[in-house]
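Trainee: I'd like to learn how to read a model like this one, feature by feature. Can we go through it together?

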Amino acid sequence: MAFTLSVNGETKTADVDGDTPLLWVLRDTLGLVGAKYGCGAALCGACTVHLDGAPVRACITPIESVGKKKVTTIEGIGKSPVGAKVQEAWKAIDVPQCGYCQAGQIMSATALLTQKPKPTDEDIDAAMNGNLCRCATYIRIKKAIKVAAGQEKA
Amino acid sequence: MDGEILRDPTRRFVLQTGAATGGGLMLSFTMAAEGHAAGATQVNAYVRIGADSKVTIASKVPEVGQGIKTSLPMLIAEELDVEWSAVTVEQAIADTKVYGRQVAGGSMATTLEYDGLRRVGATVRALLIQAAATRWNVPVDSCSTDRGVVIAGNRRAAYGELVEDAAKLPAPDPKTLTLKDPKAFRIIGQSHKSQNLDAITKGKPLYGIDTRVPGMLFATFAKAPVFGAKVASVDLAPAKAVKGVKDAFVIEGGANLNGLLPGVAVVANSWWAARKGREALEIKWAEHPTSAQSSAAFAAKAAELAKAPPQRVDRADGDVDAALKGAAKTVSAAYSYPFIAHAPLEPQNCTAVVKDGKVEIWAPTQNPEPGRKLVAAALNVPEEAITIHLVRGGGGFGRRLNNDYMVEAAAIAAKAGVPVQLIWTREDDIQHDFYRPGGWHNLTAGLDASGKLVAWNDHFVSFGEGERFNSSAGFNATQFPCRAVDNYRVQVSVMPLGMPTGPLRAPGNNAFGFVLQSFTDELAQAAGQDPVAFRRDLLGAPRLLGEAGKGDSFHTGRMRGVLDLVAEKSGWGRKLPAGTGMGVACHYSHMGYVAVVIQVTVKDGALKVDKAWAAADCGRQIINPKGAEQQVQGSVLDAVGAALAQEITFEGGATTQSNFGDFPLLRMADAFDVEVHFKLSDNNPTGLGEPAYPPAPAALCNAIFAATGKRIRNLPVGDQLA
């Protein structure tokens with residue numbers, strides 16, 4: 001059936017089964033491939049997007065559960081001041097290695113900093129623990145979050 | 001400086017004609033390149049220069065997160081003498097006739113390309129100078145270059161003004177090329193950020209899984225849980241009834257675990273539909289000779305082999321038995337490590353178009369040429385009819401040295417008659433890996449009255465048949481302390497294995513480092529010596545063990561250098577609180593010498609890694625210091641994550657684990673700082689993707705021993721501290 005979605009401030013429609021995960025609607029129907037498939041089971045966080053600003057794992061979020069909630073993806077996160085700051089910090093610190101997980105990392109970090117503009121190390125660990133990085137760029141992810149928060153310099 | 005993104009295939013370095021090997025000149029042609037509004041001229045296979053003097057450099061080796069797409073083009077840019085900010089990097093297409101070896105493996109790209117790619121840059125610079133000298137009618141000797149400009153007296157011409165002339169000139173005699181004095185380097189030795197950084201942070205299409213081809217459908221491919229088992233029967237109808245599914249069919253495949261395996265493909269208009277269709281399939285798999293194999297049976301067989309006389313001896317120096325008899329003290333210990341999976345975060349995938357006898361492939365492969373051969377054989381097409389685009393890989397770790405996903409995508413696309421993107425599920429990835437094989441080492445060593453090592457015996461139990469080891473299951477018998485101890489022997493026994501194995505980051509060494517350096521720690525303990533001091537004595541005077549130039553030669557002085565450096569930087573020997581301990585390990589692999597110290601705290605059975613220090617000697621020049629640091633940090637964290645928790649087990653011939661729930665990766669809360677130091681030595685620069693991995697698990701386990709008195713002899717650490 002047809003679903004109407006708000007994605008990055010634009011109205012989109014997708015004619016898919018209601019159990020289709022948001023991830024595959026974004027990637028295969030709407031052509032937004034920034035959110036990544038890593039596990040399909042909310043274990044790695046590579047697919048993280050925001051629903052009304054809250055981070056969710058798009059790989060286990062059925063499209064029929066999205067309703068009127070506003071979807072924000074890595075392609076649109078730069079429009080928010082916090083998102084733009086996080087992206088800039090990621091570049092300043094040169095966080096990525098392979099880079100595949102980083103869209104999800106940036107989405108989780110942006111949600112964290114929107115909630116807690118000055119996070120502690122424990123806040124960062126808690127907010128980011130669902131996002132795997134197989135290259136283990138964690139040291140720089142933590143640093144970049146602190147740079148985006150203005151707690152450390154690049 | 002953000003290079004190509006996937007939707008723009010016209011911007012790739014596609015060579016049209018007349019290509020020569022090893023950076024030699026090809027016939028020049030111009031191509032309209034987006035971002036180079038003024039048009040650009042291809043000077044050779046690696047370098048294109050626009051009329052605006054913007055430079056595009058091809059990176060020949062696949063990028064999977066090792067940073068090679070930054071460091072190799074830096075070599076060319078340095079000798080070309082341009083500003084790095086004027087350079088755009090593009091991924092070269094797979095074409096060994098033009099580019100030679102294009103493999104992200106063995107940490108070999110830096111070692112093999114350091115001189116050659118600088119010569120590529122120097123060649124283009126020489127052509128630009130020649131073009132200027134001809135135009136101005138002045139001697140070549142009177143011309144110099146500075147950051148993209150040729151200068152002779154008060155005459156100046158930007159490269160962009162000269163490139164059309166330069167591209168028409170014959171290649172200079174390589175003997176006439178002079179490379180820069182390293183003291184004059186402006187790009188090499190300075191940190192430069194990762195290529196595609198902007199695209200990564202903005203979620204632009206970059207990876208294999210992001211490839212989009214007109215008319216493309218998505219595919220899943222179900223293979224037997226028992227490796228290589230055939231499809232006995234399947235009902236395709238329930239899959240075909242799923243909305244969006246366009247086709248479902250059996251791929252016959254063969255018995256070779258490195259080739260195209262049997263399975264059932266489902267092709268649909270979205271990957272989710274393809275996956276739903278696959279789940280609806282009812283497949284009966286045929287019986288298979290390896291379906292009784294299990295981890296429990298392997299362990300039982302290994303214990304039996306360890307007690308029996310060894311099947312063969314791979315190396316025997318001196319008289320080990322006599323030396324053990326005469327030793328003041330002997331130490332025996334049995335070590336083991338499990339199978340582990342690579343689990344790069346981007347699941348295996350490949351996009352293939354098969355049309356009119358030609359095949360076009362987009363693959364996140366680390367090693368395209370064997371894939372080309374597989375595809376040629378499976379589809380019965382000549383290798384020349386296959387084009388392979390090297391797409392950025394979401395991690396590699398050795399998994400993508402194999403090309404099973406490539407031949408599967410090609411076979412499915414050929415049968416479906418449409419362009420296809422095959423994406424594996426994570427479960428497919430964990431259950432159909434070429435695993436790092438498990439192994440067992442039964443060690444005995446002798447110490448004399450002063451605590452000096454006088455004999456070393458290792459009965460290595462592994463997988464293979466006869467004289468042959470399974471892939472990555474072999475042991476290089478020249479591992480240190482070979483040749484540093486007079487009486488040294490490696491005995492080998494093997495058993496057959498039905499599961500595919502293959503190289504994982506620092507193959508072999510990723511396990512041997514744990515065994516050798518943990519046992520060395522036990523010997524230091526038995527000798528009543530400090531672990532660093534014992535290693536210094538064992539290394540002895542600086543000298544080369546083995547033959548110069550051979551990969552298995554070992555320089556004790558280089559290892560001593562990194563051992564001393566890491567001891568100094570970590571404050572080795574300082575007083576630590578109860579429950580906290582430091583461990584050290586040093587290991588040579590992939591031409592690199594690395595020593596690691598790890599500090600841990602164990603409280604109520606809970607382990608926390610406090611910090612790691614690493615010191616590495618990979619020659620006289622670090623090309624991209626920040627990139628090098630990233631590789632060392634990532635290797636240490638990767639190794640510790642694996643040593644703590646990762647294990648693949650088999651039951652009924654099939655893999656037990658399936659996803660990150662039962663095959664856990666290191667997470668943020670468990671990550672720790674890794675302080676990295678480089679020890680420069682007068683040796684050719686070598687690669688860094690791997691050599692920092694092997695010492696880390698031993699440093700971890702030696703730290704656990706220092707903190708708790710508990711010796712970890714079997715990986716993973718798991719719940720052994722509880």
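Trainee: Let's take the hairpin of β6(B) and β7(B): which residue there takes a positive phi?

Mentor: This is a predicted model, so keep that in mind throughout. In that hairpin, three residues sit between the strands, and B:Arg147 has the positive phi, near 50°. The strands themselves are β6, residues 144–145 of chain B, and β7, residues 149–152 of chain B. They pair in the antiparallel sense over two bridges.

Trainee: And which residue is the bridge partner of B:Thr145 in β7(B)?

Mentor: B:Thr145 is partnered with B:Val150.

Trainee: How many bridges join β7(B) to β8 of chain B?

Mentor: Four, and the two strands run antiparallel, with β8 covering residues 155–158. One of the pairs is B:Ala152 in β7(B) with B:Arg155 in β8(B). This hairpin has two residues between its strands, and B:Gly153 in the turn shows a positive phi of about 60°. While you look at strands, here's the general idea: in a regular strand, side chains alternate between the two faces of the sheet.

Trainee: Now helices. How do I describe a packed pair?

Mentor: Two numbers do it: the angle between the axes and the distance between the axes. Try α2 (residues 81–93) and α3 (residues 102–115) of chain A, whose axes come within 9 Å and cross at roughly 130°. That angle makes α2(A) oblique to α3(A). As for handedness, α2(A) passes α3(A) in a right-handed crossing.

Trainee: Which residues of α2(A) and α3(A) meet?

Mentor: From α2(A), you have A:Val82, A:Gly83, A:Val86, A:Gln87 and A:Trp90. Facing them in α3(A) are A:Gln102, A:Ile106, A:Ala109, A:Thr110, A:Leu113 and A:Thr114. Sort this contact by class and you get six nonpolar, five polar and no charged residues.

Trainee: Zooming out, what does the domain assignment of chain A give?

Mentor: Domain 1 spans 2–72 and domain 2 spans 77–148. Their C-alpha centres are 20 Å apart. The contact between these domains draws 14 residues from domain 1 and 12 residues from domain 2 of chain A. On the domain 1 side, β3 (48–51) and β4 (54–57) are the elements that give two or more residues. The largest share there, three residues, is from β3(A). By class, that side has seven nonpolar, six polar and one charged residue.

Trainee: How does the assignment look for chain B?

Mentor: Watch the ranges here: domain 1 is 9–193, domain 2 is 216–288 + 344–430, and domain 3 is 296–339 + 436–708. The C-alpha centres of domain 2 and domain 3 of chain B lie 37 Å apart. Their contact takes 12 residues from domain 2 and 15 residues from domain 3. The domain 2 side divides into seven nonpolar, three polar and two charged residues.

Trainee: Last one: how many residues of chain A are in contact with chain B?

Mentor: 43 residues of chain A, and they meet 49 residues of chain B. On the chain A side, α1 (22–29), α2, α3, α4 (121–128) and α5 (138–148) each supply at least two residues. You've already met α2(A) and α3(A) as the pair that crosses at roughly 130°. By class, the side of chain A that touches chain B comes out as 23 nonpolar, 13 polar and seven charged residues.

Terms used. Residues are numbered from 1 along each chain as its sequence is written. Chains are lettered from A and ligands numbered from 1 in the order in which they are written. This is a predicted model: local features need pLDDT of at least 70, side-chain atom pairs count only at pLDDT 80 or more; totals for chains, interfaces and linings use all residues. Axes are lines fitted to C-alpha atoms, for helices over the stretch in contact, and angles run from 0 to 180 degrees between N-to-C directions. Angles under 35 degrees count as roughly parallel, over 145 as roughly antiparallel, 65 to 115 as roughly perpendicular and the rest as oblique. A crossing is left-handed if the near helix is turned anticlockwise from the far one by less than a right angle, and right-handed if clockwise. Two residues are in contact if their C-beta atoms, placed from the backbone, lie within 7 Å. Ala, Val, Leu, Ile, Met, Phe, Trp, Tyr, Cys and Pro count as nonpolar, Asp, Glu, Lys and Arg as charged, and the others, Gly among them, as polar. Domain bounds come from an automatic or database domain assignment. Two strands pair if DSSP finds at least two bridges between them.
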